[in-house]
Amino acid sequence: MKLFCMSFFFLALIGCSSSPLMLTPTQYTYSGKEQTKQLDKENPQLEPTIKLLEIRNSFWGRQAIVAIQGWYSSSGLRARKLNRIQMIEEIEGNQLILTCYVEPKSGFGKEGNLIYGYNYRQTIKLKIPAEVDQLHFKLIEQTLTQETTLSFKATVPLMNKEE
């Protein structure tokens, strides 16, 4: 039993790894004599996407490097923090389906006067089995009203990426 637990832990470490979650505030800037609020042009809201950066072939098999990015609101008395990004991998036939759930949670207190949300970015590594020919990406975000919405969906064939 001890050997089984240790081998399961070791395989879990090899299978999927991720980089730290990067949060960048998006904020307003004041301009002119009237002190009007305008959105910051240097740090715009990121569109929710999942991008396949590269596929590596090694002795241990294929490995995909995937980037997840998006934006969630956090302003005024509704201060929110990103709880986690949960990733679920499913294999159906020759397709690998990666579903990412972005779950912000409500916090106590309020946000700063100029902040109206946060951009998030994360890079993950996936182990791709040999029989997989296509990758399907789904990014599902939870809104302020606790509803889940599908914000991004894409399919990437792996035939052209392999070398």
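A polar contact is a pair of N or O atoms within 3.5 Å; within protein, one atom must be able to donate a hydrogen and the other to accept it, and residues adjacent in sequence count only if both atoms are side-chain atoms. This is a predicted model, in which local features need pLDDT of at least 70 and side-chain atom pairs count only at pLDDT 80 or more, whereas totals for chains, interfaces and linings use all residues. Residues are numbered from 1 along each chain as its sequence is written, and side-chain values use heavy atoms, with hydrogens and water left out.

Two residues with polar side-chain contacts are described here. Strands are DSSP runs (E, at least two residues), numbered from the N terminus; buried means under 20% relative accessible area (1.4 Å probe, protein chains only).

| Residue | Strand | Relative accessible area | Polar contact of the side chain |
|---|---|---|---|
| Gln69 | S5 (residues 61-73) | 16%, buried | backbone oxygen of Glu47, 3.4 Å |
| Asn119 | S8 (residues 115-128) | 3%, buried | backbone nitrogen of Leu46, 3.1 Å |

Not counting residues up to four places away in sequence, Gln69 touches (heavy atoms within 4.5 Å) Leu46, Glu47, Pro48, Thr49, Lys51, Tyr120, Arg121 and Leu139. The C-alpha atoms of Asn119 and Tyr72 are separated by 6.7 Å, although these residues are 47 apart along the chain.

Four strands form an open sheet in the order S6-S7-S9-S10, with mixed pairing; two strands pair if DSSP finds at least two bridges between them. Strands S6 (80-92) and S10 (148-157) each have a single partner strand, so one side of each lacks a neighbour in the sheet. S6 and S7 (residues 95-106) run antiparallel and are joined by 12 bridges. Ile97 in S7 is the bridge partner of Glu90.

Definitions and conventions: Buried < 20%, exposed > 50% of the residue type's maximum accessible area, 1.4 Å probe, protein only.
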